[in-house]
Every structure is written in C-alpha cells, then in structure tokens.
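Trainee: Could you take me on a close look at one part of this protein, the place where the ligand sits? I'd like one connected walk through it, please.

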Amino acid sequence: MNIAAKTLFDVDLHDQADEIGEAINQAFHEYNVQISSVIRRLLSLLPVSVRLPGDARLNEAVQRLDRLIYGIIARRRAAAGDRGDLLSMLMQAQDDNGTRMTDHQLRDEIMTLFLAGHETTANTLTWTCFLLAQHPEAETKLLAELQHVLGGEPPRVNQIPQLVYTQYVIKEAMRLYPPVWFISRESTTDYEIGGFHIPPGSEIGMSQWLMHRSERYFPEPLAFRPERWQDQLEKRLPKYVYFPFGGGPRICIGNSFAEMEATLLLATMAQRFHFALAPEHPVVPEPSITLRPKHGVRLRLKAR
Ligand code: HEM
C-alpha cells in the first residue's frame, strides 16, 4: 500500500496504513457477504430497495476510504504544480473540450488505482511466501540465483532480466493462487461458443483459478514447480490459459509495474529471511474480489 501510494500519488501513508487496511478489509468482507447472500438475491427482485445492516457497514468503510482520497486530492490542488506523478497527470488530463476531471471523477480513478495497485501485488507476495515456505527445493534454487546475481546486495531494476528463477517462482505462485481468480463480461450480441448459445446481456465468467489448475495444460497441476515456466511456456500456451492480468482491451494496466515490484520485493525479502509456516495456523483461500487468505498467512522469519 505504501509503495502504491508513494509511486502513484506521491503520498506517505505509513501512519494511516492500519486504519486504511481495516477499512479495505471491512469493505471486502461486506462485499463478499453481499454477493453470496441468497436473501439479498430475493430482495433484489422486489420493486423497492431494502437496506440491510451490511449496507451501513459497507458505506462506512467506503466513506473512510473516501475521506483519505478526497484529502489527497484537496492537498494536491492546494499545493499546485506538476509533481510528475500519476496524480498530476490525472489532474492535468483534458477531454476534447478542454474539460478537466471533477473531484468525483478523480476520486474514482484514484480509488481504482489505489486498490488495484496494491491489494493484488500484496496477495501475490503472500501466496508466494506461503508456497516457498513449503518447498525447500524451490527456496534453495531461488537463493542460489539471488546469491549469483545479487551477491547479498539489494536488487536493482536493471538486474531483473537476470532474476529468471525468481520470476518463475512468482509466475507459478500466480498460477496456483491467482490474485484475481475470476473476471466476467457481459455479451452484447448473440454468440455461439463450444456449442452453447449465449444471448445478448448474458454474464460470462472466466476463472483464472480453474484454467490455471487445468491438467490439460499443466501436468501435475497442483504441484508448485517454478521450473515449468522454462523454455517460454507462457508463449507456448494457448491464449487465456494463463491470464493473471486478464486480457483484451481491459488488460491490467499495472501488469509490468506489478511484475517488477513483486520481483524486487521477493528478491529483497528472500535474501534476508528464511520463511517457515507458523504451526497450526489455518490457511484458507477466500475468493473475494481478489483471492485472499481468509485468516492471513502466518510465517516465522529466520534471518539468514
Ligand atoms: C499481481 C498484481 C496484479 C494482478 C494479478 C492484477 C490483475 C488485474 C486483472 C485480472 C485486471 C482485469 C480485470 C478485468 O478484466 O475485469 C486488472 C485491471 C486493472 N489493474 Fe491490475 N493487477 C495487478 C496489479 C496492478 C497494479 C500494480 C496496478 C496499478 C499500478 C493495477 C491497475 C489496474 C487497473 C487500473 C485495472 C483496470 C484496467 C481497465 O479496466 O482498463 N493492477 N488487473
């Protein structure tokens, strides 16, 4: 979260990180409860809208995030000047009539970038550490590469191409635990796919979780094997078999940023610490907007 806030909007959220994290947790939790609620489904069929206690909790969490984001916008407007970051670009952007974004439009853009820009990468790293803690053979190979390329120094961006195995580890973690596990689209026209007729207005779901675990494309699909990405596996796979960042016109715009960030962070952390799973802590994937561990992942870190 701090990395996203600093790099995208040049703000330091260190002091507020816990409070923001709590608001995001609350919003995700309520969203999750709401989309899986049968009662809500039934109520939505009524001609009047009925408010349930969860709505107030969701609103409260969104308002807390709104206060943060409107605060960032107000401070930036007051400071004026181009800081050269994404927020400055958004504020300067004009449409064909020369109109700039309102605070509300900026709020929407920032909320999307802020949430999309940290939650997914944090989940990627969480699942990566969880998997590495259970696969000492992968950890040994990772360490050998880090030692060879970095020699105990912090990684630099220009060394990323050499951190080949490190990137395989992250790719493999995103295969087994895709941070975005499901996306959907609404069909606009009649369509035929695999013998099924799709009428316009249908919602079509595509699940990374299912495709990434398909035996048809990944031998021993449940095994954590970073080596499988050797010899350009990703290029050899049919399109949309492996799609952690989605695809088409709405493909993730933070794709390269996320890969760079995750590689640098994993290289930094793994060089310094050995990860072991804390005993008796249940790790349960929770398919919310992103794929989060329901009770978190608890690790014991041992300094190297
Ligand atoms: C491992 C990290 C990440 C994963 C797995 C991921 C995944 C995705 C996926 C699957 C989508 C497409 C959603 C859809 O098709 O409905 C998406 C969209 C998006 N992502 Fe990411 N993302 C990651 C990191 C980031 C970062 C770091 C940023 C910003 C710096 C970002 C910003 C966005 C934005 C703005 C969109 C919406 C794009 C659009 O609708 O045109 N993401 N992301």
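Mentor: Sure, here is a walk around the ligand, followed by a short look at the rest of the chain.

Keep in mind that this is a predicted model. Start with where the ligand is: you'll find it in the largest pocket. Around it there is a shell of 20 residues, and the ones that come nearest are Ala116, Thr120, Arg185, Arg250 and Cys252.

Three of those names are worth a zoom, so let's go through them in order. With Ala116, look at the backbone: one of its polar backbone atoms is 3.4 Å from a nitrogen atom of the ligand. With Arg185, look at the side chain instead, where a polar atom lies 2.7 Å from an oxygen atom of the ligand. Arg250 also uses its side chain, with a polar atom 3.0 Å from a ligand oxygen.

Now zoom out a little and ask which parts of the fold build this shell. Helix H6, running over 103-134, strand S1 at 183-186 and helix H11 at 255-272 each give at least two residues to it. The largest share is from H6, which supplies six residues. If you sort the shell by residue type, you get twelve nonpolar residues, six polar ones and two charged ones.

Next, place all this in the whole chain. The domain assignment splits the protein into domain 1 (1-101) and domain 2 (118-304). Their centres, taken over C-alpha atoms, are 25 Å apart. Where the two domains touch, nine residues of domain 1 and eleven residues of domain 2 take part in the contact.

One last stop is glutamine 26, in case you'd like to practise tracing contacts yourself. Glutamine 26 is part of helix H2, which covers residues 17-35. Its side chain makes a polar contact with the side chain of glutamate 60, at 3.1 Å. Skip the neighbours within four places in sequence, and glutamine 26 is in contact with Arg57, Glu60, Ala61 and Arg64. Try finding Glu60 on your screen, then look for the other three around glutamine 26.

Key:
Residues numbered from 1 in each chain as written. Predicted model: local features only at pLDDT ≥ 70, side-chain atom pairs only at ≥ 80, totals over all residues. Heavy atoms only, no water. Near = heavy atom within 4 Å. Polar contact = N/O pair within 3.5 Å; in protein donor to acceptor, adjacent residues only side chain to side chain. 1 Å grid on protein atoms, 1.4 Å probe; cavity = no way out; pocket = protein on both sides within 12 Å on 5 of 7 lines; lining within 4 Å. Sits in = over half its atoms within 2 Å of the grid points. Helix = DSSP H or I, 4+ residues; strand = E, 2+ residues; numbered from the N terminus. Nonpolar A, V, L, I, M, F, W, Y, C, P; charged D, E, K, R; others polar. Domains from an automatic or database assignment. Contact = heavy atoms within 4.5 Å.
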